[in-house]
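Reader: Hello! I am new to reading protein models, and I would love a close look at just one part of this one. Could you walk me through it slowly?

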Amino acid sequence: MSTQLLVLNPSKEGMPRRRSSEGVYHESPVNQSINSFESSDGRDGLHSFLHRELRISSEVSEFYCTSLIENGYDDVASLQDATEHDLKELGVKIGHVRRIKRA
């Protein structure tokens, strides 16, 4: 079984590209729907969504994950039900609330 290492590298147009272990670059779209992260339940899926998809720093994503999970938002799908007010009460910054709601 072969494992590939992927490295993100921005292209000239600003579209990230991923590089396989063989050194081949592939265009990689930045925006993915929430549904693509639903299969990764729990903290890992939530953290991946916040950090990789929404481009929120890892440290802030960890803080948000803790707060969200403690308040019953245990996966990415549950974020669809959260209101702006809910997210702000949980300590999510307004700009990040907007990113979450647009996703």
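Which helix does Ser-61 lie in, and what surrounds that helix?

Author: Happy to take you there! Ser-61 lies in helix H2. Please keep in mind that this is a predicted model.

Let us first find our way along the chain. It has 5 helices and 3 strands, and from the N terminus on the elements run β-β-β-α-α-α-α-α. Of its 103 residues, 31% are buried.

Now to H2 itself. This helix has 13 residues, and from its first C-alpha to its last it reaches 18 Å, close to the 18 Å expected at 1.5 Å a residue. After H2 comes Gly-72, whose phi is positive, near 90°.

Which residues of H2 are buried? They are Ser-61, Tyr-64, Cys-65, Ser-67 and Leu-68. A general point helps in reading that list: an α-helix has 3.6 residues a turn, so residues three or four places apart point the same way. The buried residues of H2 pack against H1, H3, helix H4 (84–89) and H5.

Let us visit some of these residues in turn, starting with yours. Ser-61 counts as buried because its relative accessibility is 0%, below the 20% cut-off. Leaving aside residues up to four places away in sequence, Ser-61 touches His-47, Leu-50, His-51 and Ile-56. With Ile-56 there is also a polar contact: a polar atom of the Ser-61 side chain lies 3.3 Å from the backbone oxygen of Ile-56.

Next comes Tyr-64, which is buried because its relative accessible area is 1%. Its ring forms an aromatic pair with that of Phe-63. The pair is tilted, with 5.9 Å centre to centre and 55° between the planes. The count of aromatic pairs comes to 1. Phe-63 has a relative accessible area of 48%, so this residue is partly exposed.

Tyr-64 also leads us across to another helix, through His-96. The place of His-96 is in helix H5, and His-96 touches Ile-56, Val-60 and Tyr-64, again not counting residues up to four places away in sequence. At 13% relative accessibility, His-96 counts as buried too. The C-alpha atoms of His-96 and Leu-54 are separated by 8.1 Å, although the two residues are 42 residues apart along the chain.

His-96 has company in H5: the buried residues of that helix are His-96, Val-97 and Ile-100. Seen down the axis of H5, they fall within an arc of 105°, so they line one face of the helix. These residues pack against H1, H2, H3 and H4.

Finally, let us follow H2 along to Leu-68. Not counting residues up to four places away in sequence, Leu-68 touches Leu-46, Leu-50, Tyr-73, Leu-79, Leu-87 and Leu-90. Leu-68 is also part of the largest nonpolar core, which has 17 residues. The members that touch the most other members are Leu-50, Leu-68, Leu-79, Leu-87 and Ile-100. Helix H1 (42–53), helix H2 (58–70), helix H3 (76–79) and helix H5 (94–102) each give two or more residues to this core.

So, in short, your Ser-61 lies in H2, and the buried residues of H2 pack against H1, H3, H4 and H5.

Technical notes: Residues are numbered from 1 along each chain as its sequence is written. This is a predicted model: local features need pLDDT of at least 70, side-chain atom pairs count only at pLDDT 80 or more; totals for chains, interfaces and linings use all residues. Side-chain values use heavy atoms; hydrogens and water are left out. A nonpolar core is a set of buried Ala, Val, Leu, Ile, Met, Phe, Trp, Tyr and Cys residues joined through side-chain atoms within 4.5 Å. Buried means under 20% relative accessible area, exposed over 50%, partly exposed in between (1.4 Å probe, protein chains only). Helices (H or I, at least four residues) and strands (E, at least two) are DSSP runs, numbered from the N terminus. Contact means heavy atoms within 4.5 Å. The expected span of a helix is 1.5 Å times one less than its number of residues. Rings of Phe, Tyr and Trp (its six-membered ring) pair if their centres lie within 6.5 Å; planes under 30 degrees apart count as stacked, over 60 as edge-to-face and the rest as tilted. The arc is that of the directions from the helix axis to the C-beta atoms. A polar contact is a pair of N or O atoms within 3.5 Å; within protein, one must be able to donate a hydrogen and the other to accept it, and residues adjacent in sequence count only if both atoms are side-chain atoms.
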